[in-house]
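This report describes one protein, beginning with how far its coordinates can be trusted. Please look over the sequence and the structure before reading on.

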Amino acid sequence: NKAKICSFFVKGCCNRGSECPFRHELPQEVYKDESLAKQNIKDRYHGVNDPVAAKMISRARGMPSLLDFPEDVTICTMYVGGIPEGGLVSEQ
């Protein structure tokens, strides 16, 4: 069983040094992205310096948009997926 991680070390303010009974390392199995390891909960709450939101926005920028219409104006169909079998669909 590993010792728990020192919460003061994660915040950068452990005064015990080598005498601390807790581990002084960042949990690499949890934080694969270094920017997520140094996040501040107050910044995330207020939407400032939020690495999680930045990661989600960058991922969303790479996805196709519904506003990107095809250049060929003869294409007039759109695929809609994810409707359960027997689901009710109506045109509006």
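The mean pLDDT (the predictor's confidence in each residue, from 0 to 100) of the protein is 78, and 82% of its residues reach 70 or more. This is a predicted model, in which local features need pLDDT of at least 70 and side-chain atom pairs count only at pLDDT 80 or more, while totals for chains, interfaces and linings use all residues. Residues are numbered from 1 along each chain as its sequence is written, and side-chain values use heavy atoms, with hydrogens and water left out.

**Elements**

The protein has four helices and zero strands (DSSP runs numbered from the N terminus: H or I of at least four residues for helices, E of at least two for strands). From the N terminus on, the order is α-α-α-α. Among the elements, helix α1 (residues 7-11) has the highest mean pLDDT, 85, and helix α2 (residues 34-37) the lowest, 65. Where pLDDT is low, the predicted coordinates should not be read in detail.

**Surface and contacts**

About 8900 Å² of the protein is exposed, and carbon and sulfur atoms supply 56% of that area (Shrake-Rupley method with a 1.4 Å probe; for residues, only the protein chains shown count as cover). Of the 92 residues, 10% are buried. Buried means under 20% relative accessible area, exposed means over 50%, and partly exposed lies in between (1.4 Å probe, protein chains only). Contacts are heavy atoms within 4.5 Å. Of those with a separation of 6 or more, 0% join residues 24 or more positions apart.

The residues discussed below have these accessibilities.

| Residue | Relative accessible area | Class |
|---|---|---|
| Cys-6 | 3% | buried |
| Cys-14 | 22% | partly exposed |
| Glu-25 | 39% | partly exposed |
| Asn-49 | 63% | exposed |
| Pro-51 | 15% | buried |
| Val-80 | 52% | exposed |

**Cysteines**

How many disulfides does a search of the whole structure find? It finds zero, a disulfide being a pair of cysteine sulfur atoms within 2.5 Å. The sulfur of Cys-6 has its closest cysteine sulfur in Cys-14, at 3.7 Å, which is too far for a bond. The closest cysteine sulfur to that of Cys-14 is in Cys-6.

**A salt bridge**

A search of the whole structure finds one salt bridge (a side-chain nitrogen of Lys or Arg within 4 Å of a carboxyl oxygen of Asp or Glu). The side chains of Glu-25 and Arg-23 form a salt bridge, with 3.0 Å from N to O. Side chains of opposite charge can pair when their charged atoms come close.

**Around α4**

Asn-49 sits in the loop between α3 (41-46) and α4 (51-61). Asn-49 is not a glycine, yet its phi is positive, about 50°. Most residues other than glycine have a negative phi. Pro-51 is part of helix α4. In sequence, Pro-51 and Asn-40 are eleven residues apart, and in space they are 9.6 Å apart, C-alpha to C-alpha.

**A nonpolar patch**

Val-80 belongs to the segment after α4. Together, Met-78, Val-80 and Ile-83 make a nonpolar surface patch of about 320 Å². Patches are made of residues with over 30% relative accessible area and no salt bridge; like charges are joined within 9 Å, and nonpolar side chains (Val, Leu, Ile, Met, Phe, Trp, Tyr) within 5 Å.
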